[in-house]
Amino acid sequence: MAHTHSVQAATRRMALALFITLGFVVVEAAAGIIANSLALLTDAAHNLTDVIALALSWYAVRLTLRPANSGKTFGYHRAGILIALFNSTTLVIIALGIFYEAYQRLLNPPAVEGGLMTAVAALAFVVNLGTALLVKPGSAHDLNQRSAFIHLAGDALSTLGALIAGVLIMLTGWYVLDPLVSVLIGLLIVWNAWLIIRESVEILLEGTPRDIDVVALVTDIQQVAWVRGVHDLHVWSITRNMRALSAHVLVDDEPISMGAGIQRGINTVLQQQYNIAHATLQLECVGCEPDTLYCELNSIDHG
């Protein structure tokens, strides 16, 4: 129930941030055209991707409320990972367009209305910072929400750069600062996008979470009473904060009631020390299976 309330609160915050950002995109794009500012037009384009990203993230968060079924036994939690990957990939494409346009303007910098650019950039900074703070709760534990937060936080930093460029243009008349700021914005976009793409791909490839030391994990499992060894170990993430584990655990030939206690002990270690709440453990007698830590799937004959 607490998780459901948290998800519903996240969808409300995202919806509010979406409408605020959409309204501002129209204002900023018009100002960029009037001021002939690539920095403002660049930021408006980035804000437009934020609208799309927020809409997709909002939908993905709502999908996680759907229960698991026979066709989706893990539910719809991976939808957020797919959205995060899509959002980040589109950011890279947009950044490439920004670099091309900035290159053209660096060759022949056009005049820019520094006053209007500064005023709109200041307003953009307030809007972007406010919407980023709106979607920040929960972003530390959810890659989908994190991608939306990074979109907006990156915008806040980029509009701060446009604001500084506008002030400097008014003071110096150096119009070349406008495309230079756009390049810096583009680099920021690419860096943030790469971090999310890398993590999304690792999750989709069932990679072991980066903060988990498998050697230490196996050692801790073996400290549980009656455990003699571990093999066929798999550790992966369903989402950024939802981890799963499966393993074969070697124990002495004990009654089934003893096995239940061993499983409880292992699950306690996994949940408290490694944030793994979903574990599938197969108990086996010592000597009945080869003691290979990782299962080599390529060696399995699929018939």
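**A three-stranded sheet, a helix pair and two cores**

Let's start with the sheet: its 3 strands lie in the order β1-β2-β3, and it is an open sheet with mixed pairing. β1 and β3 each have a single partner strand and stand at the edges, so one side of each is left without a neighbour in the sheet. Please keep in mind that this is a predicted model. In the protein chain as a whole there are 8 helices and 3 strands.

**The chain at a glance**

- Reading from the N terminus, the elements follow the pattern α-α-α-α-α-α-α-β-β-α-β.
- The protein chain has 303 residues, and 43% of them count as buried.
- Take the contacts in the protein chain between residues at least 6 apart in sequence: 76% of these join residues at least 24 apart.

**More on the sheet**

- On average, neighbouring strands of this sheet are turned by 15 degrees against each other, with direction ignored.
- β2 and β3 run parallel and are joined by 9 bridges.
- If you would like a spot to look at in the structure, find L245, which stands opposite A279 in β3.

**How α7 and α8 pack**

- Two packed helices are described by the angle between their axes and the distance between the axes.
- For α7 and α8, the axes come within 9 Å and cross at roughly 145 degrees.
- The crossing of α7 past α8 is right-handed.
- On the α7 side, the residues that meet α8 are A216, L217, D220 and I221. Their counterparts in α8 are I266, V269, L270, Q273 and Y274.
- Sorted by class, this contact of α7 with α8 has 7 nonpolar, 1 polar and 1 charged residues.

**The nonpolar cores**

- The largest nonpolar core has 21 residues, and the members that touch the most other members are L217, L233, L245, I266 and I276.
- Two or more residues of this core come from each of α7 (214-222), β1 (227-239), β2 (242-251), α8 (256-274) and β3 (276-285).
- α8 gives the most to this core, with 5 residues.
- A second, separate core has 20 residues, among them L18, A132, A148 and I196.

**A closer look at I266**

- I266 appears in both pictures: this residue is among the α8 residues that meet α7, and it is also listed with the core members that touch the most others.
- Leaving aside neighbours within four places in sequence, I266 is in contact with I221, V224, V227, V249 and L281.
- One of these partners, I221, belongs to the α7 residues that meet α8.

How values were computed
Residues are numbered from 1 along each chain as its sequence is written. This is a predicted model: local features need pLDDT of at least 70, side-chain atom pairs count only at pLDDT 80 or more; totals for chains, interfaces and linings use all residues. Side-chain values use heavy atoms; hydrogens and water are left out. A nonpolar core is a set of buried Ala, Val, Leu, Ile, Met, Phe, Trp, Tyr and Cys residues joined through side-chain atoms within 4.5 Å. Buried means under 20% relative accessible area, exposed over 50%, partly exposed in between (1.4 Å probe, protein chains only). Helices (H or I, at least four residues) and strands (E, at least two) are DSSP runs, numbered from the N terminus. Contact means heavy atoms within 4.5 Å. Axes are lines fitted to C-alpha atoms, for helices over the stretch in contact, and angles run from 0 to 180 degrees between N-to-C directions. A crossing is left-handed if the near helix is turned anticlockwise from the far one by less than a right angle, and right-handed if clockwise. Ala, Val, Leu, Ile, Met, Phe, Trp, Tyr, Cys and Pro count as nonpolar, Asp, Glu, Lys and Arg as charged, and the others, Gly among them, as polar. Two strands pair if DSSP finds at least two bridges between them.
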